[in-house]
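This report walks through one structural model, from its core outward to its loops and its ligand shell. Please keep the sequence and the coordinates at hand while reading.

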Amino acid sequence: MMGETMTAISPHARCMADLHEQGYAIITDLVSADLITALGADLAPQFANTGFSEGSFSGAETRRFAGLLKRSSHAASLVEHELILKIGEDMLGPWCDHISLNLTQAIELAPGAASQVPHRDQDMWPCSGLVAQERGVEFLINVMWPLSDFTQDNGATLVWPGSHRQQDELLIAPEEAVIAEMAQGSALVFLGSTLHAAGANHTALPRRGIIISYCLGWLKPYELPWLAYPPEVARQFPKSLARLAGYQVHRPNLGTYEGRCPSLLLDGTLDTPGAVDALLPEQEELIRAWRSGMIDPKRTVARSGQSTLAATVSPGGQASHG
Ligand SMILES: O=C(O)CCC(=O)C(=O)O
């Protein structure tokens, strides 16, 4: 167009726009197919040793295992993929001090596997149902990485476009689902509020993929990272990865060990135990103001979501919330 500069939209901007509008995005060729092949080869023995899942949700013809960071050195580059982390931080960051790893899980749909029940992952956390949809709070970002190509026939993930804005609808007509067909190296990113399901595998070969998800750092994650990756394992991780895997206090004072940031278990500095507060700057500020008598205890402090000083300055939960 005359007088206008056409600028290409970045993968990040495209993905964010798709997530906001549709609740999901497919990013093609995000990593090399070789990386995925190597990861798949590392996980193949574990698939062979894993029994079928039990329960009506997971699906009796599926195999699942977690803790992928200790099963393949290639998993870390997906967990810490720069674009994915940026998307996770942009979508979830406004609602937490930092995001955390919710799970890493490998999934195989065996030949003949039936379609999974459609669901929204955020329903794991009852608080998600208490927040008005209009507030736009997201609790989780999911990333499905196909280990083998995903097709309609072998059970590619089904996602319902726009379902993140239809949270009062438990189910949406199957015809409205999009089949997330993808090749190795691509990724399906979707919100915890997006209705989705594994498809049915009508082929003679297994469909394999891995899900890596990230949640608000104050939520209880699906996979307990401190058990999946105890300190002797997490000590081998880069610091940024260890932080994602739970070795980081969530301000204020949540997820501690001996009242301190659990990263001390990785640094070997436990000789001088004693609690150490981890507060947000505005909480430090409020406490300073309260100590200096600048806040009238009877005055209501206006702050989004909380209305009293007691609720505002009680990290650790000792003070009454009134
Ligand atoms: O395997 C898939 O395509 C999706 C699986 C899923 O959504 C789940 O298990 O929660």
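Of the 66 residues in the largest nonpolar core, which touch the most other members? In this predicted model, the residues that do so are Ile-141, Val-143, Trp-145, Ala-187, Leu-188, Val-189 and Ala-245.

## Overall picture and confidence

The chain comprises 10 helices and 11 strands, and 36% of its 322 residues count as buried. Among the contacts with a separation of 6 or more, 74% are made by residues 24 or more positions apart.

The mean pLDDT of the chain is 91, and 89% of the residues score at least 70. Residues 304-322 are another matter, for pLDDT stays under 50 throughout that stretch, over which the model has 31 contacts beyond four places in sequence.

## Strand β4 and its partners

Three of the core residues named above, Ile-141, Val-143 and Trp-145, point one way from strand β4, while Leu-140, Asn-142, Met-144 and Pro-146 point the other way. This arrangement can be set beside a general pattern, in which the side chains of a regular strand alternate between the two faces of the sheet. Residues on both sides of β4 are buried, and the count for the strand, residues 140-146, is seven of seven.

β4 pairs in the antiparallel sense with strand β9, residues 207-216, over seven bridges, and within this pairing Ile-141 stands opposite Tyr-214 in β9. β4 is also joined by four bridges to strand β7, residues 187-191, again running antiparallel, and here the bridge partner of Val-143 is Val-189. In general, strands of a sheet pair through backbone hydrogen bonds, in either a parallel or an antiparallel sense.

What does Val-143 touch, once residues up to four places away in sequence are not counted? Its contacts are Ile-84, Ala-187, Val-189, Ile-211, Ile-212 and Ser-213. Of these, Ala-187 and Val-189 also belong to the group that touches the most other members of the core.

## Strands β3 and β9

Strand β9 is largely enclosed by the rest of the structure, because 10 of its 10 residues are buried. Besides its pairing with β4 over seven bridges, β9 is joined to β3 by 10 bridges, and these two strands run antiparallel. One of the matched positions in this pairing is Gln-105, whose bridge partner in β9 is Ile-211.

Strand β3 spans residues 99-109 and includes Ser-100. Why does Ser-100 count as buried? The reason is its number of C-beta neighbours, since 25 lie inside 10 Å, where the threshold for a buried residue is 20 or more. Ser-100 touches Tyr-214, Cys-215, Gly-217, Pro-221, Leu-244 and Gly-246, leaving aside residues up to four places away in sequence. Ser-100 and Leu-216 are 116 residues apart in sequence, yet their C-alpha atoms are 6.3 Å apart in space.

## A three-stranded open sheet

A separate description applies to an open sheet of three strands, whose order is β6-β5-β8 and whose pairing is antiparallel. Its edge strands are β6 (178-179) and β8 (196-197), each of which pairs on one side only. Strand β5, residues 158-159, pairs with β6 over two bridges, and Val-159 stands opposite Val-178 in β6.

## The loop between α7 and α8

The loop between α7 (239-244) and α8 (264-267) contains Pro-252, and the peptide bond from Arg-251 to Pro-252 is cis, with omega near 0°. The loop also holds Asn-253, which has a positive phi of about 55° although it is not a glycine.

Glu-258, found in the loop between α7 and α8, likewise has a positive phi, of about 50°, without being a glycine. Asn-253 is partly exposed, with 19 other C-beta atoms within 10 Å, and Glu-258 is also partly exposed, with 13; both counts lie between the cut-offs, since a buried residue has 20 or more such neighbours and an exposed one 12 or fewer.

## The ligand shell

Which residues lie around the ligand? They are Ile-107, Gln-116, Met-144, Thr-157, His-196, Ala-198 and Gly-209, and the shell divides into three nonpolar, four polar and no charged residues. Among them, Met-144 is one of the buried residues of β4, on the side shared with Leu-140, Asn-142 and Pro-146.

Note on methods: Residues are numbered from 1 along each chain as its sequence is written. This is a predicted model: local features need pLDDT of at least 70, side-chain atom pairs count only at pLDDT 80 or more; totals for chains, interfaces and linings use all residues. A residue is near a molecule or strand if its C-beta atom, placed from the backbone, lies within 6 Å of it. Ala, Val, Leu, Ile, Met, Phe, Trp, Tyr, Cys and Pro count as nonpolar, Asp, Glu, Lys and Arg as charged, and the others, Gly among them, as polar. A nonpolar core is a set of buried Ala, Val, Leu, Ile, Met, Phe, Trp, Tyr and Cys residues joined through C-beta atoms within 7 Å. Two residues are in contact if their C-beta atoms, placed from the backbone, lie within 7 Å. Two strands pair if DSSP finds at least two bridges between them. pLDDT is the predictor's confidence in each residue, from 0 to 100.
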